Amino acid sequence: MTGRLITLEGGEGAGKSTAMAFLAGRIAARGVELLQVREPGGTEAGEAIRRVVLNPGHAGLCAETELLLMFAARAQLVREVIGPALARGAVVLSDRFTDASFAYQGGGRGIDAGRIAELERWACGIRPDLTLLLDLPVDQGLARARGRGPTDRIEAERTEFFERVRAAYRQRTAQEPARWRVIDASRPLDEVLVALGTALDAHFEARP
Ligand code: T5A
């Protein structure tokens, strides 16, 4: 068993928290070492960066700062946590990863994808083996996310921003179909979890 990185992506309110718990249980049942992380965050420095980027008080944060902070947190997470775990053969399950930067800062904020790809190579250096995308209409996701309570700085963006995020995610799935599995997250939760389980099992069967 060699280490592998599995990432979960999606727009706001796609249901990633519930899906993460389900996927973690399913992976652990295989008897492998599992490490769960979230982005931005996952290290002491990364969690501090998370508090800055999501704080609605920092309304004036520019797109470049936002992107660099995401990669600052990611660089720390890769070196401190993900890299060593993969080296010892663990399965790392990450709630968001570099694709979120392509979708939010690339699609949403309009930063050139080539620049983000350069940061991906330089500051991060690893790519997921499997990425599961929870895809659903923006208005449905926002209604779920905003129904939970106060919004963070990014959740407070306009609907058009999230439409661009969704389009960027879908574009990435089309560019690299072998890595992605797209799950219709507008369906009832039990159906979403079945689809996730099927996608995960297929990945492990293809690469035991
Ligand atoms: N970001 C992150 C960037 O801009 N660039 C980056 O590079 C990175 C890494 C992270 C923010 O940072 C941005 C993206 C984000 O805006 P976060 O708090 O981690 O902030 O936000 P999210 O990742 O979006 O997570 P959320 O907690 O907002 O959403 P989830 O986890 O997708 O949704 P969840 O599971 O809490 O579900 C929302 C509600 O819907 C219900 C749940 O019960 C819950 O109440 N629900 C369903 N209801 C009906 N049917 C279903 N199928 C349902 N699934 C869930």
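Ala, Val, Leu, Ile, Met, Phe, Trp, Tyr, Cys and Pro count here as nonpolar, Asp, Glu, Lys and Arg as charged, and the others, Gly among them, as polar. The structure in every view is a predicted model.

**View 1. The lining of the largest cavity has 10 nonpolar, three polar and three charged residues.** The structure holds one cavity of 30 Å³ or more. About 140 Å³ of space lies inside the largest cavity. Its lining is made of 16 residues. Nearest the centre of the largest cavity are Gly-11, Glu-12, Leu-136, Val-138 and Arg-166.

**View 2. Strand β4 and helices α6 and α7 contribute to the cavity wall.** β4 spans 130–135, α6 spans 138–146 and α7 spans 159–175. Each of these elements gives the lining of the largest cavity at least two residues. Helix α7 has the largest share, with four residues.

**View 3. The largest pocket encloses about 640 Å³ of space.** A set of 27 residues lines the largest pocket. Glu-12, Lys-16, Arg-50, Arg-96 and Glu-155 lie nearest the pocket centre. Glu-12 is also among the residues nearest the centre of the largest cavity. By class, the pocket lining has 12 charged, eight nonpolar and seven polar residues.

**View 4. Four helices each supply at least two residues of the pocket lining.** They are α1 (16–28), α2 (44–54), α3 (63–87) and α4 (98–108). Helix α4 provides four residues, the largest share of the lining of the largest pocket.

**View 5. The ligand sits in the largest pocket.** There are 27 residues around the ligand. Lys-16, Ser-17, Arg-96, Ser-101 and Arg-148 come nearest to the ligand. Lys-16 and Arg-96 are also among the residues nearest the pocket centre. The shell around the ligand has 11 nonpolar, 10 charged and six polar residues.

**View 6. Helices α1, α2, α3, α4 and α8 each give the ligand shell at least two residues.** Helix α8 covers residues 189–206. The largest share of the shell, four residues, belongs to α4. Helix α4 likewise holds the largest share of the lining of the largest pocket.

**View 7. Ala-14, Arg-74 and Glu-155 place polar atoms beside ligand oxygens.** At Ala-14, a polar backbone atom is 3.2 Å from an oxygen atom of the ligand. At Arg-74, an N or O atom of the side chain is 3.0 Å from a ligand oxygen. At Glu-155, a polar side-chain atom is 3.3 Å from an oxygen atom of the ligand. On its own, the ligand has 1,000 Å² of accessible area, and the protein covers 82% of that.

**View 8. Arg-96 has a positive phi.** The phi angle is near 80°, in a residue other than glycine. Arg-96 is placed in the loop between β3 (91–95) and α4. Arg-96 is one of the residues that come nearest to the ligand.

**View 9. A cis peptide bond joins Glu-39 and Pro-40.** Omega is about -10° at this bond. Pro-40 lies in the loop that runs between β2 (34–38) and α2. Helix α2, in turn, supplies at least two residues of the lining of the largest pocket and at least two of the shell around the ligand.

Conventions. Residues numbered from 1 in each chain as written. Predicted model: local features only at pLDDT ≥ 70, side-chain atom pairs only at ≥ 80, totals over all residues. Heavy atoms only, no water. 1 Å grid on protein atoms, 1.4 Å probe; cavity = no way out; pocket = protein on both sides within 12 Å on 5 of 7 lines; lining within 4 Å. Points joined across faces, edges and corners; volume = space filled by probe spheres on them. Near = heavy atom within 4 Å. Polar contact = N/O pair within 3.5 Å; in protein donor to acceptor, adjacent residues only side chain to side chain. Areas by Shrake-Rupley, 256 points an atom, 1.4 Å probe, with all protein chains shown as cover. Sits in = over half its atoms within 2 Å of the grid points.
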